[in-house]
Amino acid sequence: MERLNDEVIRQKLSKLPEWNLEEKLIHRRYRFASFPAAIAFVNRVAEIAEEKNHHPFISIDYKMVTVRLTSWHAGGLTDLDFNEAAYFDTVYAEMTD
Ligand SMILES: C[C@H](O)[C@H](O)[C@H]1CNC2=NC(N)=NC(=O)C2=N1
């Protein structure tokens, strides 16, 4: 999968308003009502990562989960990162509404 150029990254990021760009990765913080709810989300993220064979950095801070995405094989951001970010946002919406 090809590394995206800055123009395409800006365009894709504009469709994911909760995500932030930092050098060669994108990141987002998800908030939950409880620690178990945060862990349930992390478990879903892990399942999706395995299914897609695309694995984010995940950090858990009590009721907050931070996800960072980049594509190691490309040395930067690819469509895989933006597709997965959108998928995680959908799962988050389902789990928190
Ligand atoms: C060998 C294996 O398919 C690769 O290492 C996969 C696994 N998960 C991955 N995850 C991420 N985020 N980037 C990759 O380049 C990547 N590559």
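Does E23 count as buried, partly exposed or exposed, and how many C-beta neighbours does E23 have inside 10 Å? The legends below concern a predicted model, and the first of them takes up this residue.

**View 1. The loop at E23, between β1 and β2.** E23 has 8 C-beta neighbours inside 10 Å and therefore counts as exposed, since a residue with 12 or fewer such neighbours is placed in that class. The residue is found in the loop that links β1 to β2, and its phi is positive, at about 50°, although E23 is not a glycine. Most residues other than glycine have a negative phi.

**View 2. The open sheet and the helix that packs on it.** Four strands make up an open sheet with the order β1-β2-β4-β3, and their pairing is antiparallel. The edges are formed by β1 (20–22) and β3, each of which pairs on one side only, and from one strand to the next the twist averages 25°. Helix α2, which covers residues 35–52, packs on this sheet and touches β2 (25–31), β3 and β4, while its direction makes about 20° with that of β4.

**View 3. The hairpin of β3 and β4.** Strand β3 (residues 57–61) and strand β4 (residues 64–69) run antiparallel and are joined by five bridges. Among the partners, I60 is bridged to V65 in β4, and D61 is bridged to M64, also in β4. Two residues lie between the strands of this hairpin, where Y62 takes a positive phi near 55°.

**View 4. The largest nonpolar core.** This core has 15 residues, of which I26, Y30, F41, V65, V67, A85 and F88 touch the most other members. At least two residues come from each of β2, α2, β4 and α3 (79–96), and α3 gives the most, with four residues. For a closer look at one member, Y30 touches F41, V65 and Y92 when residues up to four places away in sequence are not counted. V65, listed here as a contact of Y30, is also the residue that serves as bridge partner of I60.

**View 5. The surroundings of I9 in helix α1.** I9 lies in helix α1, which spans residues 6–13. With 19 C-beta neighbours inside 10 Å, I9 counts as partly exposed, because 20 or more would be needed for a residue to be buried. When its neighbours within four places in sequence are left aside, I9 is in contact with L4, L21 and L77. The C-alpha atoms of I9 and F82 are 8.8 Å apart in space, although the two residues are 73 residues apart in sequence.

**View 6. The ligand and the residues around it.** The ligand is surrounded by N53, H54, H55, S71, W72 and H73. Sorted by class, this shell has one nonpolar and five polar residues, with no charged residues. One of the surrounding residues, N53, lies in the loop between α2 and β3, and N53 is exposed, with 7 other C-beta atoms within 10 Å. Its phi is positive, at about 55°, although N53 is not a glycine.

Notes:
Residues are numbered from 1 along each chain as its sequence is written. This is a predicted model: local features need pLDDT of at least 70, side-chain atom pairs count only at pLDDT 80 or more; totals for chains, interfaces and linings use all residues. A residue is near a molecule or strand if its C-beta atom, placed from the backbone, lies within 6 Å of it. Ala, Val, Leu, Ile, Met, Phe, Trp, Tyr, Cys and Pro count as nonpolar, Asp, Glu, Lys and Arg as charged, and the others, Gly among them, as polar. Two strands pair if DSSP finds at least two bridges between them. Axes are lines fitted to C-alpha atoms, for helices over the stretch in contact, and angles run from 0 to 180 degrees between N-to-C directions. Two residues are in contact if their C-beta atoms, placed from the backbone, lie within 7 Å. A nonpolar core is a set of buried Ala, Val, Leu, Ile, Met, Phe, Trp, Tyr and Cys residues joined through C-beta atoms within 7 Å.
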